[in-house]
Each structure stands twice: as C-alpha cells, then as structure tokens.
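Please work through the exercises below with the sequence and the model open side by side, and try each task before reading its solution.

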Amino acid sequence: MLQVTLFVEFLRSRPQLTVWAMALLQAVLWTLVPALFFSAPPGQLAESIAIGHEHQLASHLGPPLAHWLADAAYGLGKFWIYLLSQACVVVTYWAVFQLGSAIVGPRHAAIAVMLMGGIFLFTIPTPEFGPSILAMTLWAVALLHFWRAAEQDRPAYWPALGLELGLLLLNTYTAFVFIGLLLAYLLMTERGRAKFTEVGPWAAGIIIVLLVFPLLLWLDHPRGAAVTPTAMSLELDPLRGLRVLGWLLAAHVGCAVLIALGFETPAARRAARPTVDRPPVDPAARYFLYFFALAPVATLTFFAMIVGGPAPIPIAPLAVLSGLAVMVTAPDHLRIAHQRLAGYAWATFVILPPLLAVFAITALPWIFPVEIAVGRPAAEMGRFFGESFERRTGRPLEIVTGDAETAALVALAAPS
C-alpha cells in the first residue's frame with residue numbers, strides 16, 4: 001500500500017506554496033532569534049556596519065553596497081538588519097524556484113529549494129549580513145533574468161540583468177568573474193553570439209557602466225587607489241583555493257544527507273514509493289545549469305589561488321544552483337524513499353540550529369565557562385568606553401582604534 005507523507009504530498013500538489021512556507025519559516029526563525037537573543041552582531045557584521053557608516057565608495061573589504069545597506073538597516077534597529085539578511089535568503093529561494101520551474105518543472109524545483117535548506121551557507125551564517133549574502137541574492141536573480149533574456153528570448157529582462165550585475169559589481173570585486181562567465185556562455189554558442197547583434201545585451205552593458213562609473217572614479221582617486229592593493233593583490237597560494245573548495249564541500253554535508261535519505265537502494269525498488277514526475281529536460285537547459293553550477297566554483301577556486309587580501313571571496317553564490325544541479329541529474333520520474341526521515345532531516349537542519357543558538361546564549365555560559373561571540377554585552381561595552389572618554393576629555397567619542405572586532409563593537413554601540 002502506497003503511503004505518502006503530508007510533506008511530500010504538498011511538494012507534489014502545491015510546490016509553490018511549499019517553497020514559500022519553507023522559506024518564510026526559515027526567515028522568521030533566523031530573524032527573531034538574532035533580534036531577541038544576540039546582544040552583539042555575529043561575525044564581521046559590526047565591522048561592516050562601521051565601514052558603511054563612513055559612506056566611502058570602497059574600503060579594504062571591497063566595494064560598498066553591502067556595507068551601506070547594513071548601516072542603513074542597523075540605523076533603523078537591529079531587528080531590521082536581520083530581516084534584511086533573511087529577505088535576501090527568501091529572494092534567493094524564490095529566484096531558484098522560478099528558474100527551476102522553467103527548466104525542471106515546479107515539483108523538482110521545490111525539491112531543489114528543500115535541498116538548499118541542507119546547505120550550511122543558507123542557514124546558520126545568514127544572520128551575518130554582508131557581501132556574500134547580498135551577492136548570493138543578486139547572482140541568483142541575475143541568473144534567472146539571464147535565462148529569460150538569453151534562452152527564452154524575452155528582451156525586456158536585459159535592463160533588469162544590467163541593473164543586477166551593476167549592483168553586484170558595487171558589492172564585490174568577484175562580480176567581474178561572474179560577468180565574465182555570462183559572456184563566455186554567450187560566446188560559446190552560435191545562438192549566444194547572435195545576441196550581440198541585438199540591443200538588449202548592449203543596453204545591459206550601458207547600465208552596468210553607469211552604475212559602476214562612480215566607483216571607478218573613486219578607485220582612480222589617490223584615496224581610493226590606496227585601498228585597492230590591500231583589497232586585492234596577486235599572490236600565488238594554492239592552499240587558499242583549496243580552503244575555498246573544502247569549505248564549499250563541507251557546507252553541502254546536510255544537502256548530501258537529504259539526497260542520501262531520498263535515494264532509493266536497489267533492494268527497495270520493488271516497494272511502492274511516491275513519485276514526482278516532470279517532462280524531459282531540454283539538453284540546452286541541462287547544459288545551462290551544469291555550466292553555472294560548476295564554472296563559478298572552478299573559476300573562483302583558481303581566483304582564490306592567485307589573488308589574496310583581506311576581502312573574502314563570497315562563497316554563498318557558488319552554491320546557489322547546487323540543488324537544481326542535483327534535480328537536473330535526477331530521473332524524470334523520481335521515486336522518493338525514506339520520505340519521513342527526509343522531512344525530519346530538513347526540519348533538523350532548518351529548525352534545530354536557531355533553537356541551539358538560543359540554548360548556547362542563555363544556558364551554556366552557566367554550564368561551561370565559554371564566551372559566546374554573539375552574547376558579548378556590546379551595548380554595555382559601548383556605553384562604558386563612550387562615557388569614560390567623554391568624562392575624561394569633555395568631547396564625544398569619535399574614533400576607536402585597536403583590535404578590529406572589539407573596536408567595531410565599541411564604535412557600533414557607543415552613545416556618540
């Protein structure tokens with residue numbers, strides 16, 4: 001007798017609703033938990049806000065867009081910076097689902113989004129809004145609009161693509177790699193080369209130049225040029241590229257678990273299993289997904305080997321198409337095994353980490369004498385140093401130096 005769990009039935013009958021439910025559940029958890037329980041911003045978020053507060057066009061961490069948005073959102077309250085980050089995750093899931101629906105059908109696209117919930121880069125690190133989170137969203141939407149413009153011959157999407165790629169360049173220098181891959185894809189086929197005889201790609205290029213022109217002027221200025229060598233420097237280091245690749249593979253462990261639970265062993269193939277069906281995938285669409293799932297990984301791994309500096313390479317965009325690449329490889333008639341375990345595993349990857357974060361912040365320091373980075377009293381630190389400086393000098397605290405992590409916290413929370 002065939003038994004279908006409610007989770008699988010929703011995937012088959014209401015894939016779009018299922019995607020929205022999964023995305024919004026994750027967004028609510030990772031917005032409320034940091035907003036309510038984090039007394040200090042995670043990771044480099046404090047430094048990013050501090051850099052954005054300077055309103056410069058570039059810094060040692062690269063272009064300014066993510067830092068400006070972080071400062072603007074944090075100015076409204078810490079709740080909004082976490083909401084902004086999760087909005088980026090939701091938009092990324094939506095873009096992947098829309099692209100997948102056009103290529104593998106909405107049911108397989110919904111499963112691809114579910115697999116993304118098992119990728120570490122899209123869950124636990126997301127409260128730390130920064131260039132990687134923003135690049136992930138811009139790259140996902142750019143791929144969707146590139147598909148619609150170049151493969152579906154819908155020229156209205158070329159200006160939108162130009163806007164997204166221009167914003168991507170204002171967010172990270174590695175956007176040059178992503179744009180180069182889009183151009184390479186067009187140049188590799190006769191149909192793609194024919195696009196350059198149309199107005200659309202040139203209009204997109206003009207929009208990109210107009211958006212990035214102020215940044216280019218800044219980098220040509222002595223003050224701007226002063227930060228460029230520290231942000232990017234040619235330095236051969238194979239281990240750096242291997243670390244990027246290793247970190248990317250490690251981030252997919254949860255996704256691999258979900259795939260293994262859904263994989264049907266030969267011994268169990270006689271049992272009745274629920275199936276998720278789709279029409280055959282077009283070979284050109286299959287090539288599109290494989291190219292943009294693998295080429296950015298290979299290119300940026302090589303890029304990391306030869307380019308060094310404090311500005312980190314955004315890894316999250318490299319995993320945007322991982323779920324869809326798996327679903328393109330999957331059969332047209334996908335039989336789902338261990339459907340209950342797969343559902344429980346997804347819930348574990350998405351729901352358990354924020355609950356563990358709450359436990360670590362509220363209870364763990366009482367059990368073990370360990371310091372939780374997001375549990376540091378940032379407000380009290382900023383108030384203490386700000387008021388002490390003002391009492392001793394009669395002037396408000398304006399500049400903080402020292403250890404970058406601590407100085408950023410003090411600068412962020414000081415009353416002045």
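The exercises that follow concern two helices and a surface patch in a predicted model.

**Exercise 1.** Work out whether the end-to-end distance of helix α4 (residues 65–76) agrees with its number of residues.

*Solution.* Begin with the twelve residues of α4, which at 1.5 Å a residue should span 16 Å. The expected span is 1.5 Å times one less than the number of residues. Then take the end C-alpha atoms of α4, which are 17 Å apart, in agreement with the expectation. Beyond the helix comes Gly77, whose phi is positive, near 135°.

**Exercise 2.** Decide whether α3 (45–53) is largely enclosed or largely open, and find what covers its buried residues.

*Solution.* A residue is taken as buried when its relative accessible area is under 20%. By that cut-off Leu45, Ala46, Glu47, Ser48, Ile49, Ile51 and Gly52 are the buried residues of α3. Because these are seven of its nine residues, α3 is largely enclosed by the rest of the structure. The cover over them includes α4, α5 and α20 (404–413), and the buried residues of α4 in turn pack against α3, α5, α7 (131–151) and α8 (157–169).

**Exercise 3.** Which helix gives the largest share of the nonpolar surface patch?

*Solution.* List the members first: Val28, Leu32, Leu36, Phe37, Leu76, Phe79, Trp80 and Leu83, which together have about 740 Å² of accessible area. Both α2 (15–37) and α5 (78–103) supply at least two of them, but the largest share, four residues, belongs to α2. One α2 member to inspect is Leu32, which is partly exposed because its relative accessible area is 40%.

Key: Residues are numbered from 1 along each chain as its sequence is written. This is a predicted model: local features need pLDDT of at least 70, side-chain atom pairs count only at pLDDT 80 or more; totals for chains, interfaces and linings use all residues. Side-chain values use heavy atoms; hydrogens and water are left out. Patches are made of residues with over 30% relative accessible area and no salt bridge: like charges are joined within 9 Å, nonpolar side chains (Val, Leu, Ile, Met, Phe, Trp, Tyr) within 5 Å. Accessible areas come from the Shrake-Rupley method with a 1.4 Å probe; for residues, only the protein chains shown count as cover. A salt bridge is a side-chain nitrogen of Lys or Arg within 4 Å of a carboxyl oxygen of Asp or Glu. Helices (H or I, at least four residues) and strands (E, at least two) are DSSP runs, numbered from the N terminus. Buried means under 20% relative accessible area, exposed over 50%, partly exposed in between (1.4 Å probe, protein chains only). Contact means heavy atoms within 4.5 Å.
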